[in-house]
Each structure stands twice: as structure tokens, then as C-alpha cells.
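Here's a quick tour of an internal cavity and the charged side chains around it. Have the model open as you read.

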Amino acid sequence: VVRSSVARSLEVWGGLASNSPRWGLLGASPEMNFGMLAVRFSQSIGPAPTRAGVPELEFMVDLIPLVMLSTPYRSARGTGLTCPRADLCVLPQTDTSGRLFPSGSAVGLGFNPAGLTARFRGHRTVSPSVGFVVGGLYFDRQVPTTRASRFNFTASAEFGVRIGPPDRQGVTLMYRFHHLSN
């Protein structure tokens, strides 16, 4: 993270999720792997807070030149086959290579045009943050099933901490809950 005196920053970041859980509304595609590499531009909104406990707000935009999603599930809808999993109506994965992104995995790119982060204690060496980002991803094939779409809207909730002097480079550690529309 590089910060200037006008509270702008440029970040290069990446993330990896392996073996996604199956939590119903919060996730119904178990054992899928997802990875992305992105560049983020952030800009402070308004003046720096003057009261303790008031967060600094930042607007952010992400350019995502690389996204990977493990092999899409084969849909059983419309094939005349019995749905072994009623919630997704997909056939079991056939790849047993054990690789995160086996042959046939989806590759794409994306853009998150709107994000907002609240950074607490931004004037300190350790500053926690919480944020929300929306955007879209476009893949080279339909995901997460073979009957879905190539384009997916996304929404993410982020919780993290920035470590480093506020006027210098630092490191941000973040947990991100990332949702794909399909």
C-alpha cells in the first residue's frame, strides 16, 4: 500500500479460497476453488476525522485482471437425468487430479466500480477496517454450473487490519466474504 499526503492509495492484492463451504443462501457450491489478483485505487472521502472513534471513509475501485474458478459443475437440468443434488441439480465433479485449478477451470477478469471502507484509527500504526465492494466478473465459460452465465455480479464484505505508518507503505491483512451471483 502506498499512501500520499492527500489520502490516496494504490494496492496490489490477491486472494484464494479453496474448498468453498456449503452454507445454503451463503454458499451452495461446495468444494470449488476461487482465486483472484487485483489492483485497487482508494481515495479518502471528506476531511480527516477530528474526533476519536470516528472512522475515516474511503471510496475504492478494483481492476481485476485475473480470476480463476475451479471446473464448473455439470448441470443436470434439462438433460433428463435425475438430480442427485436437489439444491444445485448438478452432477458430481469428475476431476480427481487434486489440483486447485484442474484442466477446464474457468478464467476471467473483472471490475469493482464501487466500494466503501471505514478505517478506524487511521492515524495509528495498526488500523482496523471494514468494507463493502460490488462489481462483476466475466469468465471464459459458464460458471459455477454449465447452465449458468459467463457474467456474474459480485458483492464482498471485507474485514481487515493495516499495519504500518499511515504516511508510508504498509501491509493489509484482510478476510473477504466474496459472493458470485450465479
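## What lines the cavity

Keep in mind that this is a predicted model. Sort the lining of the largest cavity by class and you get 2 nonpolar, 4 polar and 5 charged residues. The full lining is E11, R40, S42, E58, M60, T117, R119, S129, E158, T172 and M174.

As for the cavity itself, the structure has 1 of 30 Å³ or more, and the volume of the largest comes to about 60 Å³. Strand 3 (34-45), strand 4 (56-69), strand 5 (106-119) and strand 8 (171-180) each put at least two residues into that lining.

## Charged pairs in the lining

Opposite charges on side chains can pair up when the charged atoms come close. One such pair is R40 with E158, a salt bridge at 2.9 Å, N to O. R40 sits in strand 3 and E158 in strand 7 (residues 149-163), so this contact ties together parts 118 residues apart in sequence. R40 is buried, at 5% relative accessible area, and E158 is buried too, at 3%.

R119 and E58 make another salt bridge, with their closest N and O atoms 3.1 Å apart. This one links strand 5 (R119) to strand 4 (E58), 61 residues apart. R119 is buried at 6%, and E58 is buried at 2%.

## The wider set of salt bridges

The overall count is 6 salt bridges. R40 and E158 also belong to a salt-bridge network with D62 and R176.

For contrast, look at D140 and R141, whose side chains meet at 3.1 Å, N to O. Here D140 is partly exposed, with 34% relative accessible area, and R141 is partly exposed with 30%.

Terms used: Residues are numbered from 1 along each chain as its sequence is written. This is a predicted model: local features need pLDDT of at least 70, side-chain atom pairs count only at pLDDT 80 or more; totals for chains, interfaces and linings use all residues. Side-chain values use heavy atoms; hydrogens and water are left out. On a 1 Å grid over the protein atoms alone, a cavity is a set of points where a 1.4 Å probe fits but cannot get out, and a pocket is an open set with protein on both sides within 12 Å along at least five of seven lines; lining residues have an atom within 4 Å of a point. Grid points are joined across faces, edges and corners, and a volume is the space filled by probe spheres set on the points. Helices (H or I, at least four residues) and strands (E, at least two) are DSSP runs, numbered from the N terminus. Ala, Val, Leu, Ile, Met, Phe, Trp, Tyr, Cys and Pro count as nonpolar, Asp, Glu, Lys and Arg as charged, and the others, Gly among them, as polar. A salt bridge is a side-chain nitrogen of Lys or Arg within 4 Å of a carboxyl oxygen of Asp or Glu. Buried means under 20% relative accessible area, exposed over 50%, partly exposed in between (1.4 Å probe, protein chains only).
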